Amino acid sequence: PSTIEVVVGYLRKGFSVIPLKAGTKKPALHSWKEYQTRQPTSDEVSDWWQNNPECGVAIVCGKVSGLIVVDIDDPKKFKFALNALGLKIPKTPVVKTKRGYHIYFRYPKGYMVKRHYREDYGAEIRGDDHYVVAPPSVVNGHKYSWWCKDEKELPVLAEGREELSIFEVEPAEVPIELLEAFGVPKETEQPESTIVNATPRHKNGNQSKEYLIPAIVALLQPYWVEGQRHDLSLA
């Protein structure tokens, strides 16, 4: 099938999509922010790919598509991490990337998923405000494709040796233990917004550092989850 036919299939699955500049991972749009909250229309899709059939395609992650994606750059590290957690990845759609895999899951209820990276796992989770390159895009000579039954069995999956296309397999629920390991916060753990003056000053005229507190909270908040707070406090 042509790229636009595949894209129409993604739309029918309820996913938000955007075009990528040919051969790259960069959006072909001046801004793709609005597609983080809505799907493009069929007219927009036709305009994008009929005028530029060489463009690649990206699926927008997050609530807009009902998806999160685990981007694995180092399968060996990730397999070791799964073994340490005692986890097996359920049958779910998988894309072959140049260095590893994209594993698709349903967006988990009760969680706020953005971008959560663990170097020791050789992977990151992408959710709201992020996207992943999707088949049949070609980037730097590598064609993104759904893992198929003709490939060797995936070491990180509980089941293998069958086609794991988004059109053949529905995204599975992500293991909660995996979310916790990546420090994905629950919705109830989101801190209330704090309103402060941009540059408050002490009575003696020196600039206060209190305005940095919300920024520090924002940096630490994704990791401030049950099971990790003690270690984070010590660090």
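Buried residues account for 43% of the 235 residues in the protein chain, a figure that, like every other value in this report, is computed from a predicted model. The accessible surface of the chain comes to about 13,400 Å², and carbon and sulfur atoms contribute 50% of that area. Six helices and eleven strands are found in the protein chain. Where contacts link residues at least 6 apart in sequence, 72% of them join residues at least 24 apart.

One open sheet can be described strand by strand. Its three strands follow the order β1-β2-β8, and the pairing is antiparallel. β1 and β8 stand at the edges of the sheet, each with a single partner strand, so one side of each is left without a neighbour in the sheet. From one strand to the next, the twist averages 35°. Strands of a sheet pair, in general, through backbone hydrogen bonds, in either a parallel or an antiparallel sense.

The elements in and around this sheet are listed below by residue range.

| Element | Residues |
|---|---|
| β1 | residues 17-20 |
| β2 | residues 56-60 |
| β8 | residues 131-134 |
| α2 | residues 42-51 |

Between β1 and β2, the antiparallel pairing extends over four bridges, and within this part of the sheet P19 stands opposite V57 in β2. Helix α2 lies across both β1 and β2, and the helix runs at about 15° to β1.

How values were computed
Residues numbered from 1 in each chain as written. Predicted model: local features only at pLDDT ≥ 70, side-chain atom pairs only at ≥ 80, totals over all residues. Heavy atoms only, no water. Helix = DSSP H or I, 4+ residues; strand = E, 2+ residues; numbered from the N terminus. Buried < 20%, exposed > 50% of the residue type's maximum accessible area, 1.4 Å probe, protein only. Contact = heavy atoms within 4.5 Å. Areas by Shrake-Rupley, 256 points an atom, 1.4 Å probe, with all protein chains shown as cover. Pairing = 2+ DSSP bridges. Axes fitted to C-alpha atoms, helices over the stretch in contact; angles between N-to-C directions.
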